[in-house]
Amino acid sequence: MTAPLSKSGPKSGPTVVEVALGDRAYDIVIGRDQLAGLGARIAALRPGARTAIVTDRTVAGRWLAPTEAALEAAGVAHSSIVVADGEGSKSYAGFQQVCEALIAARVERNDLVIALGGGVVGDLAGFAAAALRRGVDFVQVPTSLLAQVDSSVGGKTGINSPQGKNLIGAFHQPVLVIADTAVLDTLSPRQFRAGYAEVAKYGLLGDAAFFAWLEANHDEVFRGGAAREHAIATSCRAKAAIVARDEREHGDRALLNLGHTFGHALEAATGFSDRLFHGEGVAVGMALAARLSAQLGMIAPGDTARIERHLAAAGLPTRLQDIAGFTQEGLADADALMALMAQDKKVKRGRLTFILLQAIGHAVIRNDVEPALVRDFLTRQLAAGDA
Ligand SMILES: NC(=O)c1ccc[n+]([C@@H]2O[C@H](COP(=O)([O-])OP(=O)(O)OC[C@H]3O[C@@H](n4cnc5c(N)ncnc54)[C@H](O)[C@@H]3O)[C@@H](O)[C@H]2O)c1
Ligand SMILES: [Zn+2]
């Protein structure tokens, strides 16, 4: 059941969004201070289960003690595994560390793994849970905005291989997601902004009214409170609906990749470094997708300008030239970017898949865009900054 949503004024309970996947359905609980209820919810869901918390160093420093306290308050046994911050932990070595620690902690088939952290911890802990003893259940406690609106929902888990991101993984749905919006108060502003790109994505791909609401209310979303909860809940509802109709990405789920074909290439070109966070790459990628859509005569140029205006107002980059070290080799080169896009997981039999825009709130999946046209488009973007 979805709780009614009030946009202002005090509200009593959290917002609950259900991911409707039959006997694997689960709730996403969204609201301030919901972490405190983690133990009680786990005790109700899996009486007697023991838990192992997987987290990273930064999140452990801020949120491990409150998480442990919440479990203790409900009499839930717990142990913890702390990995290093950052994408490097989504590796074979990180996977080995977590699996061996879970075995050492005697996590059994009926116990629960708790992923406490951003998308890195969620993907890593979820994949370890999927593999451990051929699958134990897990709970997502996402602590970054990106994880709350995107990575903790939908069951994609995995690690990177030296050949590329997310190449090793499994679909493994969590049994519960607790998105405590107050936890985001300790996130760096730059990380919050990067996660916001994914929030704007949901408006762009399928909900024009939400995009307009974000244009008017994004300051409040950044500040916290009811607007933040509304933005996260609306994003989760959008993702939950898409996942419920296409769990394994045979069709519509690809819409969630709006901005990601370009974005992943830009992340790869910047070496997956602090020069460009994932959400920042997605922001530039969405602006590029909008401009390419305009060039193909699909979207009105006025809408493209509106998209760029909003992303920029939220403090996000929209042009290739906005990326640190833009002129360095690999980034300022259309052929190099084309080669990186061709390596993307989403390439099917050599055809690039682009998510393009017909209008704000109406994205379409296209795999018939001529590579030569994309190359020319990128060349002009690189030369002019905007075309
Ligand atoms: N599974 C999916 O569907 C899916 C979807 C999108 C992204 N992802 C993956 O998510 C990862 C990116 O996730 P991310 O952006 O959350 O990065 P992240 O997990 O690396 O977190 C970013 C940084 O913020 C810190 N942090 C997290 N929460 C904090 C808090 N509340 N207070 C202070 N610091 C905090 C972390 O320690 C880390 O240093 C990528 O690996 C990406 O592939 C997965
Ligand atoms: Zn993304």
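A donor, in these legends, is an N, O or S atom within 2.8 Å of the zinc ion. The model shown in every view is a predicted one.

**View 1. Three side chains hold the zinc ion (ligand 2).** Let's start with the metal: Glu198 reaches it through OE, while His260 and His278 each use NE2. These contacts span 2.0 to 2.1 Å. Along the sequence, the donor residues follow the spacing E-x61-H-x17-H. Glu198 sits in helix α6 (residues 189-206) and His260 in helix α9, so this pair, 62 residues apart, links distant parts of the chain.

**View 2. Two of the zinc donors, Glu198 and His260, seen for their burial.** Are they buried or exposed? Glu198 has 0% relative accessibility, so Glu198 counts as buried. His260 is buried too, because its relative accessible area of 5% is under the 20% cut-off.

**View 3. The second largest pocket and its lining.** This pocket holds about 390 Å³ of space. Its lining has 20 residues, and Gln163, Gly164, Lys165, Phe272 and Gln343 are the closest to the centre. Two or more lining residues come from each of β7 (156-161), β8 (164-171), α9 (260-269) and α12 (334-342). Sorted by character, the lining has 7 nonpolar, 8 polar and 5 charged residues.

**View 4. A hairpin made by β10 and β11.** Here, strand β10 (residues 354-359) pairs with strand β11 (residues 362-366) in the antiparallel sense, over 5 bridges. Look for Ile355, which stands opposite Ile365 in β11. Between the two strands lie 2 residues, and Gly361 in this turn has a positive phi of about 95°.

Terms used: Residues are numbered from 1 along each chain as its sequence is written. Chains are lettered from A and ligands numbered from 1 in the order in which they are written. This is a predicted model: local features need pLDDT of at least 70, side-chain atom pairs count only at pLDDT 80 or more; totals for chains, interfaces and linings use all residues. Side-chain values use heavy atoms; hydrogens and water are left out. On a 1 Å grid over the protein atoms alone, a cavity is a set of points where a 1.4 Å probe fits but cannot get out, and a pocket is an open set with protein on both sides within 12 Å along at least five of seven lines; lining residues have an atom within 4 Å of a point. Grid points are joined across faces, edges and corners, and a volume is the space filled by probe spheres set on the points. Helices (H or I, at least four residues) and strands (E, at least two) are DSSP runs, numbered from the N terminus. Ala, Val, Leu, Ile, Met, Phe, Trp, Tyr, Cys and Pro count as nonpolar, Asp, Glu, Lys and Arg as charged, and the others, Gly among them, as polar. Two strands pair if DSSP finds at least two bridges between them. Donors are N, O and S atoms within 2.8 Å of the metal (3.2 Å for Na, K and Ca); water is not among the atoms, so sites may look incomplete. Buried means under 20% relative accessible area, exposed over 50%, partly exposed in between (1.4 Å probe, protein chains only).
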